[in-house]
Amino acid sequence: MAHFDVEVRVMPRASLLDPQGQAVEHALEALGFRGVTTVRVGRALSLHLELEDGDPAAAEAQVRRMCEHVLANPVTEDFSIAVREAT
Amino acid sequence: MRLAVIRFPGSNCDADTLRAARAAGATAYYVWHRSADLQHADAVVIPGGFAYGDYLRAGAIARFSPVLGAVREHARAGGPVLGICNGFQVLCEAGLLPGALVRNVNLTFLSRPVRVRVEAVDTPFTSGFRPGTIFRVPIAHGQGRYVAPPEVLAELEATGRVVLRYVGENPNGSMNAVAGIAAEGRNVVGMMPHPERAASVLLGETTSALVFESLMRRLEVFEGGTR
């Protein structure tokens, strides 16, 4: 049994207006932080995966299917996956 | 006419929807999301609310409930399906309608009447309206902004599948001020406004009752006037 720690990042697609990101950007500016542009707000998920197959590529493929199937909405979101072998 | 109102944990417009359907003369009843049996429904309505607390994304988890398999079959066979607000979100997540509903552009939850125009009257839920009718109906949503890839939006417009459009103002930033759409077969319709909340003289608005009455008339015609 191989164990993996997985981090998934789901972000609004670049072409989509992100008013939440804009609101955060304005707040940062109001607080005096200069030079901040293009704030985007997304979601992070972490999960632990146990697989027979110890190949990280197999783990990533499974998580990719999870993202395509439920964790992200392909109309509005992009995702990225980071797989780490758990000790 | 048998009308199933689907309930998820977190649906909260189910009672109003049931009432509005019964007021139009339907034999309306609830179907719990865990059941794959629509009990010979002639029509299905997915009501508003916060199914599964909108966890992950509005409608993202509800779309995997057992009942959706039956709803999909019903839709495939040409049966009328109406998604109201959260129901619209569920239908988009389930792929029964194109596009998605995201957070309102001004980030606030909007709960107030708006004006919409009926643009497609070739659906079971709008066939009783005159095309171009403008009426007042409440919205109540934080995620009502309709978005879709440009080619999908263009196709919706070109094929007359924008069913309702906001007029006078676009409350949530929906692309092309879309308030409701139909699937290719036109039997599946989703709308963000709440017709069930404006279907009674007591509530001060009655035009929305036509959404349910259109359905009644349409299905009466199919059944040759028998029920």
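**Entry 1: the yardstick, and a surface patch**

I take buried to mean under 20% relative accessible area, exposed to mean over 50%, and partly exposed to mean anything in between. I also note at the start that this is a predicted model.

I looked up Phe33(A) with that yardstick in hand. At 49% relative accessibility, Phe33(A) is partly exposed, because exposed would take over 50%. I find Phe33(A) in the loop of chain A between α1 (19-30) and β2 (43-51). Together with Leu31(A) and Val36(A), Phe33(A) makes a nonpolar patch on the surface. I noted about 300 Å² of accessible area for the three together.

**Entry 2: the largest pocket**

Next I went looking for open space. Rolling a probe the size of a water molecule over the atoms shows where empty space is left. The largest pocket holds about 780 Å³ of space. Its lining counts 39 residues, and the closest to the centre are Arg43(A), Leu101(B), Val102(B), Arg103(B) and Gln143(B).

I then asked myself which elements give two or more residues to the lining. From chain A they are β1 (2-12) and α1, and from chain B they are α3 (86-93), β5 (100-102) and β7 (134-141). I see that α3(B) gives the most, with four residues. By residue class, I wrote down 18 nonpolar, twelve polar and nine charged residues for this lining.

**Entry 3: salt bridges**

How many salt bridges does a search of the whole structure find? Over all chains I have 14, and I went through some of them.

I started with Arg76(B) and Glu73(B), whose side chains form a salt bridge at 2.7 Å, N to O. The two residues sit three apart in helix α2 (residues 66-76) of chain B, so about one helical turn separates them. I have Arg76(B) as exposed, at 60% relative accessible area, while Glu73(B) is partly exposed at 43%.

My next pair was Glu169(B) and Arg112(B), in a salt bridge with the closest N and O atoms 2.7 Å apart. This one links distant parts of the chain: the residues are 57 apart, with Glu169(B) in the loop between β9 (162-166) and β10 (178-182) of chain B and Arg112(B) in strand β6 (residues 110-118). Glu169(B) is partly exposed at 34% relative accessibility, and Arg112(B) is partly exposed at 31%.

Then I turned to Glu119(B) and Arg165(B), another side-chain salt bridge at 2.7 Å, N to O. Glu119(B) lies in the loop between β6 and β7 of chain B and Arg165(B) lies in strand β9, so the pair ties together parts 46 residues apart in sequence. Is Arg165(B) buried or exposed? I count Arg165(B) as buried, because its relative accessibility is 12% and the cut-off for buried is under 20%. Its partner Glu119(B) is partly exposed, with 31% relative accessible area.

I also found a network of salt bridges that links Arg43(A), Glu77(A), Arg57(B) and Glu93(B). I had already met Arg43(A) among the residues closest to the centre of the largest pocket.

**Entry 4: residues apart in sequence**

I checked His74(B), which belongs to helix α2 of chain B. His74(B) is buried, with 12% relative accessible area. Its C-alpha atom is 8.3 Å from that of Ala43(B), and the two residues are 31 apart along the chain.

In chain A I looked at Ala61(A), found in helix α2 (residues 56-71). Ala61(A) is partly exposed, at 32% relative accessible area. From C-alpha to C-alpha, Ala61(A) and Ile81(A) are 9.7 Å apart in space, and in sequence they are 20 residues apart.

**Entry 5: positive phi values**

Last, I looked at the backbone of chain B. Where does a positive phi turn up in a residue that is not a glycine? Asp54(B) is one of the places, with a phi of about 60°. I place Asp54(B) in the loop between β3 (43-46) and α2 of chain B. At 19% relative accessible area, Asp54(B) counts as buried, because the cut-off is under 20%.

Cys85(B) is another residue other than glycine with a positive phi, near 55°. I find Cys85(B) in the loop between β4 (81-84) and α3 of chain B. Cys85(B) is buried, with a relative accessible area of 5%.

Technical notes:
Residues are numbered from 1 along each chain as its sequence is written. Chains are lettered from A and ligands numbered from 1 in the order in which they are written. This is a predicted model: local features need pLDDT of at least 70, side-chain atom pairs count only at pLDDT 80 or more; totals for chains, interfaces and linings use all residues. Side-chain values use heavy atoms; hydrogens and water are left out. Patches are made of residues with over 30% relative accessible area and no salt bridge: like charges are joined within 9 Å, nonpolar side chains (Val, Leu, Ile, Met, Phe, Trp, Tyr) within 5 Å. Accessible areas come from the Shrake-Rupley method with a 1.4 Å probe; for residues, only the protein chains shown count as cover. A salt bridge is a side-chain nitrogen of Lys or Arg within 4 Å of a carboxyl oxygen of Asp or Glu. Buried means under 20% relative accessible area, exposed over 50%, partly exposed in between (1.4 Å probe, protein chains only). On a 1 Å grid over the protein atoms alone, a cavity is a set of points where a 1.4 Å probe fits but cannot get out, and a pocket is an open set with protein on both sides within 12 Å along at least five of seven lines; lining residues have an atom within 4 Å of a point. Grid points are joined across faces, edges and corners, and a volume is the space filled by probe spheres set on the points. Ala, Val, Leu, Ile, Met, Phe, Trp, Tyr, Cys and Pro count as nonpolar, Asp, Glu, Lys and Arg as charged, and the others, Gly among them, as polar.
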